[in-house]
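Subject: Structure for you to look at

Hi,

Here is the structure I promised to pass on. Have a look at it first, and then read on for what turned up when I went through it.

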Amino acid sequence: MRPLVAHISLDALAHNLRVARKHAGQSKIFSVVKANAYGHGLTRAVRALGHTDGFAVLTVEEAANLRQMGVEKPVLLLEGPFQPGEMSSISELDLMAVVHGDHQLEWLHLATQPLHVFLKFNSGMNRLGFPMARFEEVLEHVRAMRNVARITLMTHFATADEALGIDWQWTRFLDKALTSGLPISAANSAACLNHPETRKDWVRLGIMLYGASPFSDVTAAELDLRPVLTLQSEIIAVQQLKAGEGAGYGLTFMAEEPARLGIVACGYADGYPRHAPSGTPVLVNGRRTRTLGRVSMDMLAVDLSRLPGADIGSSVTLWGEGLPVEEVARAAGTISYELLCALAPRVPIVEI
Ligand SMILES: *Cc1c(COP(=O)(O)O)cnc(C)c1O
């Protein structure tokens with residue numbers, strides 16, 4: 001069998017939810033399990049997140065899966081219905097739904113039972129949501145709808161993980177929201193951790209549950225979060241390069257002095273980022289080294305020059321325990337979210 005495997009720790013997932021609970025305070029937690037639970041497997045994640053207050057997903061299909069698993073807790077559709085034809089399923093599955101635009105408001109009469117609506121306002125991210133300038137008008141309209149049983153006000157932050165922070169959006173949103181007396185949901189992981197005043201009634205937590213830090217300057221370990229997924233493989237070949245020889249497609253790595261390379265059974269078809277440059281961190285036998293040259297479809301090369309003990313069969317950690325996925329993501333010019341979500345279906349998963 002190919003040695004590549006993703007170890008997923010259900011204990012770590014449950015631990016991270018407990019950490020999240022401390023940060024969330026009195027607020028209820030939606031565990032965000034969209035994108036196959038950020039690549040960790042929907043069913044598996046739901047099993048480990050039994051103590052959550054609710055789940056948030058993207059599609060009616062994911063929500064139906066949750067109900068089939070016997071989940072009776074609240075389930076929120078993060079972008080609401082995409083088609084009017086989904087309204088009947090939303091009713092049958094007893095889902096909460098975001099409503100972010102006028103087209104969705106028109107579909108609400110198709111619900112076969114009164115709905116809990118998460119009315120989303122655009123406080124500055126300019127992605128989804130009614131403009132704040134229409135707050136009173138939209139709210140009055142929705143309050144009068146017979147098919148709306150409850151309303152929670154919602155917004156989403158663009159810079160909760162950055163120096164700019166959330167104040168510029170939060171005051172804009174909160175000033176209006178408070179006048180309504182309605183429940184509020186605003187915080188994602190970054191806001192929940194860094195801006196506790198935004199926690200309010202429901203927080204929507206994704207990345208921190210999977211053990212990655214939403215911040216570039218604070219590690220997951222510093223937040224007491226444990227990596228849930230560890231992507232592990234082995235060295236399957238060793239190459240001794242003379243000075244002036246190259247390795248990999250395009251020979252983008254050229255040895256300036258004699259070098260010892262390990263070839264690892266992991267490539268971009270497994271979800272390892274092809275754009276990770278030479279120098280991306282990797283662990284061999286638990287010791288830190290770096291990738292060399294281009295990532296191939298099924299393999300990549302690592303530097304063994306300073307690891308004489310490493311050989312065919314030596315263990316390799318691409319990310320996870322001992323090597324935060326955020327670090328690999330940063331080296332590859334992306335974020336942990338993308339690497340986690342991109343784990344390929346061909347990678348076998350072992351629960352630990
Ligand atoms: C995905 C998502 C979240 C979760 O964000 P994290 O940064 O992973 O905590 C929260 N809210 C909305 C609307 C989302 O789409």
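Of the chain's 352 residues, 55% count as buried. Keep in mind that this is a predicted model. The chain holds 11 helices and 19 strands, and its C-alpha trace spans about 75 × 40 × 35 Å along the principal axes. If you take the contacts between residues at least 6 apart in sequence, 63% of them join residues at least 24 apart.

On to the domains. The domain assignment splits the chain into domain 1 (10-213) and domain 2 (229-351). Their centres, taken over C-alpha atoms, are separated by 37 Å. Where the two meet, 11 residues of domain 1 are in contact with 10 residues of domain 2.

So what about the packing inside? The largest nonpolar core has 117 residues, and Leu119, Leu153, Leu231, Leu318 and Trp319 are those with the most contacts inside it. Helix H1 (residues 10-24) gives the most to this core, with 7 residues. Domain 1 (10-213) and domain 2 (229-351) both contribute residues to this core, so it lies between them. There is also a second, separate core of 9 residues, with Ala247, Phe253, Leu261 and Ala301 among them.

Trp319 is worth clicking on. Leaving aside neighbours within four places in sequence, Trp319 is in contact with Leu229, Thr230, Leu231, Gly271, Tyr272, Pro273, Val325, Val328, Leu339 and Leu340.

Two helices I went through:

- H1 has 15 residues and reaches 21 Å from its first C-alpha to its last, close to the 21 Å expected at 1.5 Å a residue. Its buried residues are Leu10, Ala12, Leu13, His15, Asn16, Leu17, Val19, Ala20 and Ala24. They pack against strands E1 (5-8), E2 (28-32), E10 (202-205) and E19 (349-351), and against helices H3 (42-48) and H9 (189-194). Just after H1, Gly25 takes a positive phi of about 60 degrees.
- H8 (residues 167-180) has 14 residues, which should span 20 Å at 1.5 Å a residue, and the end C-alpha atoms are indeed 20 Å apart. Even so, H8 has a kink of about 30 degrees, centred on Leu174. Leu174 is itself one of the buried residues of H8, along with Gln169, Trp170, Phe173, Ala177 and Ser180. The cover over these buried residues includes strand E6 (115-122), helix H7 (135-143), strand E8 (148-154) and strand E9 (184-185). Gly181, just after H8, takes a positive phi of about 75 degrees.

Next, strand E17 (residues 300-303). Which way do its residues point? Leu300 and Val302 point one way, Ala301 and Asp303 point the other way, and all are buried. E17 runs antiparallel to strand E14 (residues 259-264), with 4 bridges joining the two; within that pairing, Leu300 is the bridge partner of Val264. E17 also runs antiparallel to strand E16 (residues 287-292), this time with 2 bridges, and there Val302 is the bridge partner of Thr291. Ala301, as noted above, belongs to the second core.

Two last residues, in case you want to check them by eye. Met254 lies in strand E13 (residues 253-254). Is Met254 buried or partly exposed? With a relative accessible area of 41%, Met254 is partly exposed. Not counting residues up to four places away in sequence, Met254 touches Gly244, Glu245 and Gly246. Met254 and Thr230 are 24 residues apart in sequence, and their C-alpha atoms are 30 Å apart in space.

Pro348 sits in the loop between helix H11 (336-341) and E19. Pro348 also counts as partly exposed, at 35% relative accessibility. What does Pro348 contact, leaving aside neighbours within four places in sequence? Those contacts are Leu4, Val5 and Ala6. Pro348 and Arg2 are 346 residues apart in sequence, yet 9.5 Å apart in space, C-alpha to C-alpha.

That's what I have for now.

Cheers

Definitions and conventions: Residues numbered from 1 in each chain as written. Predicted model: local features only at pLDDT ≥ 70, side-chain atom pairs only at ≥ 80, totals over all residues. Heavy atoms only, no water. Core = buried A, V, L, I, M, F, W, Y, C linked by side-chain atoms within 4.5 Å. Buried < 20%, exposed > 50% of the residue type's maximum accessible area, 1.4 Å probe, protein only. Domains from an automatic or database assignment. Contact = heavy atoms within 4.5 Å. Pairing = 2+ DSSP bridges. Expected span 1.5 Å × (residues − 1). Bend = angle between axes of the 7 residues up to and from the residue.
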